[in-house]
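Student: I am new to this structure and would like to look closely at a single part of it, together with what lies around that part. Could you take me through it slowly?

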Amino acid sequence: MAAITEATYKASSDYLISKLPEDFHTVKLGVICGSGLGGLVDTIDPTTKVEFLYKDIPGFVASTVVGHAGKLVFGHLGESRTPTVFMVGRYHFYEGYTMLQCTFPVRVMALMGIQYLIVTNAAGGLSSDHKVGDLMIINDHFSMPGMVGNNPLVGHNFDSFGTRFPAVSDAYTYALRKLAFKAAFEVGIKTEDIREGVYAMVSGPSFETRAEARYLATIGADAVGMSTVPEVVIARHAGIKVLGISLITNDVVRARGKDAKLEVLQEMGLSTEVDPEEDTEKSFANHAEVLETSAMRSNDLQRLVTRFTDLLAESTKEN
């Protein structure tokens, strides 16, 4: 793999600008679509839509996951006709890409003028307060890969994007989170169907074991997934304000499972003790379930993002 340099990012940005109408030479809003959430791109004005396959953009790599189309789409979003770029499909660390490759498009967006980034994902629910189908506005995160050395900022610092040691304690901008809740309620999403919470990133691609899920819940995670955090870190490094939204697509199995020893003792007539743990064998996560739930709630997420965009345009105009 060729080394990624500042010139690599600029070549990608220059290529896109050379192919785009003047309306999109500066784009203020970016949206990253998670698993099964590519329908978000259908919210833009089709007469303004311009698409690029990742494979055709210098520096980009291919997305290999079902539910991730692998294209960059530009268009006007909402009544405010906000020039917006959508990543329809993202890259994941588990696909074998480096963190620099996974986050490459975010820096290209930064060069094109992005000031706000909406990051969406499909996530497993860890908190008992969340149910399948809920939307979770992310108010904080932790990254298991990042905490063991796989932070996207490891290595050479690109000073033109940001400082060597950026603060990310404000990774998810409070004002944007407020606007997201206001947008959700205005489009009719029930208060009990949208919450705030902490997102945990694991590397995947295997789903979590029961013990791992209990650990993540114990240390404060409300939802878990395999993306988002690297993109957010790179965005904040470049000074981009971020809104993160998780769609809870499945309940993560946390129960300890059946006691094999006890069952054998029961079968041999040596014990009548009742196993306190329920059988969870039929509750394991799978990607098909993720895509199915994403499809069910995608309309709500589309309406939320569209209204949020208009509210953001109004608030920035006022300021």
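Tutor: Let us begin with a pairing inside the sheet: Ile 32 stands opposite Met 87, a residue of strand 4. This is a predicted model, in which local features need pLDDT of at least 70 and side-chain atom pairs count only at pLDDT 80 or more, whereas totals for chains, interfaces and linings use all residues. Residues are numbered from 1 along each chain as its sequence is written, and side-chain values use heavy atoms, with hydrogens and water left out.

Strand 4 covers residues 82-88; here strands (E, at least two residues) and helices (H or I, at least four) are DSSP runs, numbered from the N terminus. Strand 1, residues 29-33, runs parallel to strand 4 and is joined to it by five bridges; two strands are said to pair if DSSP finds at least two bridges between them. Strand 3, residues 71-77, also pairs with strand 4, but in the antiparallel sense and over seven bridges. Met 87 takes part here as well, since Leu 72 stands opposite it. Six of the seven residues of strand 4 are buried, so the strand is largely enclosed by the rest of the structure; buried means under 20% relative accessible area, exposed over 50%, and partly exposed in between (1.4 Å probe, protein chains only).

The link between strand 3 and strand 4 deserves a look of its own, for the two form a hairpin with four residues between them, and Gly 78 in the turn has a positive phi of about 75°. Arg 81 belongs to this loop too, and its phi, near 50°, is a positive value in a residue other than glycine. With a relative accessibility of 40%, Arg 81 counts as partly exposed.

If we now follow the chain out of the other end of strand 4, we come to Tyr 91, which is found in the loop between strand 4 and helix 2 (99-111). By the rule that rings of Phe, Tyr and Trp (its six-membered ring) pair if their centres lie within 6.5 Å, with planes under 30 degrees apart counted as stacked, over 60 as edge-to-face and the rest as tilted, the count comes to 13 aromatic pairs. Tyr 91 forms one of these with Tyr 54, an edge-to-face pair with 5.3 Å from centre to centre and 65° between the planes. Because Tyr 54 lies in the loop between strand 2 (50-53) and strand 3, the pair ties together parts that are 37 residues apart in sequence. Both rings belong to buried residues, Tyr 54 at 1% relative accessibility and Tyr 91 at 2%. The two are also members of one aromatic cluster, whose other members include Tyr 9, Phe 60, Tyr 97 and Phe 104.

In the loop after strand 4 we can also pick up a contact that leads further along the chain: Ser 203 touches Phe 93, Tyr 94, Pro 145 and Met 226, leaving aside residues up to four places away in sequence, where contact means heavy atoms within 4.5 Å. Ser 203 lies in the loop between strand 7 (194-201) and helix 5 (210-218), and with a relative accessible area of 31% it is partly exposed. Although Ser 203 and Met 226 are 23 residues apart along the chain, their C-alpha atoms are separated by 5.4 Å. The loop that holds Ser 203 also contains Pro 205, and the peptide bond that leads into Pro 205 from Gly 204 is cis, with omega near 5°.

Thr 228 offers a comparison with Arg 81: Thr 228 has a positive phi of about 75° although it is not a glycine. It sits in the loop between strand 8 (223-225) and helix 6 (229-237), but at 0% relative accessibility Thr 228 counts as buried, whereas Arg 81 is partly exposed.

Finally, strand 9 can be read in the way we read strand 4. Nine of the 11 residues of strand 9 (residues 241-251) are buried, so this strand too is largely enclosed by the rest of the structure. Strand 5 (residues 116-125) pairs with strand 9 in the parallel sense over 10 bridges, and there Thr 120 stands opposite Ile 245. Strand 6 (residues 135-143) runs antiparallel to strand 9 and is joined to it by three bridges, with Leu 247 of strand 9 as the bridge partner of Leu 135.
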